[in-house]
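Biologist: Please give me a close look at the aromatic side chains and how they pair. Then place them in the rest of the chain, and tell me where to be careful.

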Amino acid sequence: MSDKITHDDDRIEIENAEDNEHEHEHKHEAFKKRHILHPKSWREFSVSILRRGRVNLLLIFLIPAILLPKLHIEERFHDIFYFNFVFNFLAIIPLSNIMTIGVEDLSAYLGPAYQAVLHALSGNFVELVIESYALLDHRYAIVRSAVLGSILCNITLVLGITFIVGSWPTARRRALGAEAYLQTEFEIGTFVDTSSSILALAFLALMIPAAFKIAASPFDTTDHRLVNCNLQNISHATAIILMLVYVGLLVFQLKTHANETVDIKEFDHHKIYNWLFDIFLIAASVAGITVCARSLVSSIEELGDKFELGTGFIGIVLLPICVVSNFIEHYQAIAEAAKDKVDTAISLILNTSVQMALLITPILVSVGWIYGRPLTLDFNMLEISVLGCAILIVNYLVADNKAHWLEGYMLIVSYVLIAIAFFYFPNYHDVDEPPLHCDPWSRNLNKTEGSVAEGGAVVGGG
């Protein structure tokens, strides 16, 4: 009798879920199907976007955020960067929300596997543009710190909060039974294992240039010019190889193992607009975020100069937290975990971190290569050490494809320890040297001082 009642309850629950799904789908059938470029449809879509949430009212701050830097009133008002920071911070919030709407709607067209990749790409693209500007301004140290800080913030602070929010024993989870709330099990174990392994590979690739400089420096008799030349060649080769690894990861994630890298049960997005409008939304919001984020970063740097904060602390701690496009990504991952969509949250976090290591960092090195800005992967010993330890801790914690709140607490503590170390780390500035014209096919370290031409150009064969 009880089995029959349970079976009937299950059937009623399934029927109710189907009814709710049909109602949800019907709710989104609000727009008439017209041509993809029909102006009336685009006008209706735009009005619908602006009406989705009160957060879009913050778009009004976009006007002072754009105009304030153009007024050039820093000489009269020395503390104007405070207002610049606030206006840009508030303006990026609705832009990030619009970007998220476009990404989610586009992923409904492309499929669940593309959701996390698109989210990571749209957020990381903003960082790529900001750090490219810093690179062209010869701010090599802060570029390296910002890249490392983005990865560290994701795999320690954000992942830790996600573990706590996704597995904290709330009353609702206790009602599901003892095993259900004591820990959270990942349904995308294959992707978690693969991502943690790729992060370990990325650490190896980023460690090799730093280790090479330490090991090869005693043999250099040319005032470190030959070591720097070889370091530049190693960085370029590493960048190319890491991009090829990312191409392989995309094939793995989107094609050959697509079903094992996403939890279909957690994907509940529906098509609302057309795909071209989604692309327009993402492009327009990313452009707006980029403009505001560049001013925001400048304000953060001025804030750091005023309070005598080091470039390491600014890049590792302040930029990943204060750049709102990252903040919105972090918030979304945590919000998904709060809805018991831990797999989706983990996928967002790991995709962002892996993409930063395998795609954004190599692109920055390539941009420096093209424009004559010698950005090398020469991280200092503290930076490379904390990255290796953080990746090691993450690999240990996700090895069993389960998570509980204490593991999240450990990750947050790890980030706090890293932040304390960089707060006291001495400030250092880049030496603006002309780019070295190195022969990538020559073992330049075998040369003597007489083989190095004036201006740092290496001549002759190896």
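Modeller: I will start with the model as a whole, go to the rings, and then follow the chain outwards from them.

This is a predicted model. The chain averages a pLDDT of 79, and 77% of its residues score at least 70. Over residues 1–27 the pLDDT stays under 50, and the model gives that stretch three contacts beyond four places in sequence. Residues 445–462 also have a pLDDT below 50, but there the model has 35 contacts beyond near neighbours in sequence.

Now the fold. The chain has 16 helices and two strands. Of its 462 residues, 49% count as buried. Take the contacts in the chain with a separation of 6 or more: 80% of them are between residues 24 or more positions apart.

On to the rings. Searching the whole structure gives ten aromatic pairs. One of them is F45 with F277: the ring centres are 5.1 Å apart and the planes meet at 55°, so the pair is tilted. That angle falls short of the 60 degrees that an edge-to-face pair must exceed. F45 belongs to helix 2 (residues 39–50) and F277 to helix 11 (residues 275–306), so this pair ties together parts that are 232 residues apart in sequence. F45 has a relative accessibility of 5%, so it counts as buried. F277 is at 1%, and it is buried too.

Another pair is F313 with F423. Here the centres are 5.4 Å apart and the planes stand at 75°, so the pair is edge-to-face. This pair also links distant parts of the chain: F313 is in helix 12 (residues 311–322), F423 is in helix 16 (residues 405–423), and 110 residues separate them. What is the burial state of each partner, F313 and F423? F313 is buried, with a relative accessible area of 13%. F423 has 42% and is partly exposed. Buried requires a value under 20%, so F423 does not qualify.

Back to F45 and F277. Ring pairs join F45, Y273, F277 and F280 into a cluster.

Helix 11 offers further detail. S299 is in helix 11. Its relative accessibility is 1%, so S299 counts as buried. Leaving out residues up to four places away in sequence, S299 touches F81, N84 and F85. Within the helix 11 range of residues 275–306 there is also R294, whose charged end sits over the ring of Y133, 3.7 Å from the ring centre.

One more aromatic residue deserves a visit. Y246 lies in helix 10 (residues 225–256). It is buried, with a relative accessible area of 8%. Y246 touches V117, Q355, L358 and L359, not counting residues up to four places away in sequence. With Q355 there is a polar contact between side chains, at 2.8 Å. L359 is 113 residues from Y246 along the chain, but their C-alpha atoms are separated by 6.6 Å.

Next, the loop between helix 14 (342–370) and helix 15, where D378 is placed. D378 has 18% relative accessibility, so it counts as buried. The cut-off is under 20%. The D378 side chain makes a polar contact of 2.9 Å with the side chain of K213. Beyond its neighbours within four places in sequence, D378 is in contact with R144, A210, K213 and L231.

That loop leads into helix 15. N380 caps the N-terminal end of helix 15, with a side-chain oxygen 3.1 Å from the backbone nitrogen of L382. Helix 15 covers residues 381–397, which is 17 residues; at 1.5 Å a residue it should span 24 Å, and its end C-alpha atoms are 24 Å apart, so the two values agree. Its buried residues include hydrophobic side chains such as I384, V386, L387 and I391, and also E383.

To return to your request: the F45 and F277 pair is tilted, whereas the F313 and F423 pair is edge-to-face. The cluster to look at holds F45, Y273, F277 and F280. The stretches to treat with care are residues 1–27 and residues 445–462, where the pLDDT is below 50.

Key. Residues numbered from 1 in each chain as written. Heavy atoms only, no water. Phe/Tyr/Trp six-rings, centres within 6.5 Å; stacked < 30°, edge-to-face > 60°. Helix = DSSP H or I, 4+ residues; strand = E, 2+ residues; numbered from the N terminus. Buried < 20%, exposed > 50% of the residue type's maximum accessible area, 1.4 Å probe, protein only. Lys NZ or Arg CZ within 6 Å of the ring centre and 35° of its normal. Expected span 1.5 Å × (residues − 1). Polar contact = N/O pair within 3.5 Å; in protein donor to acceptor, adjacent residues only side chain to side chain. pLDDT = per-residue confidence, 0-100. Contact = heavy atoms within 4.5 Å.
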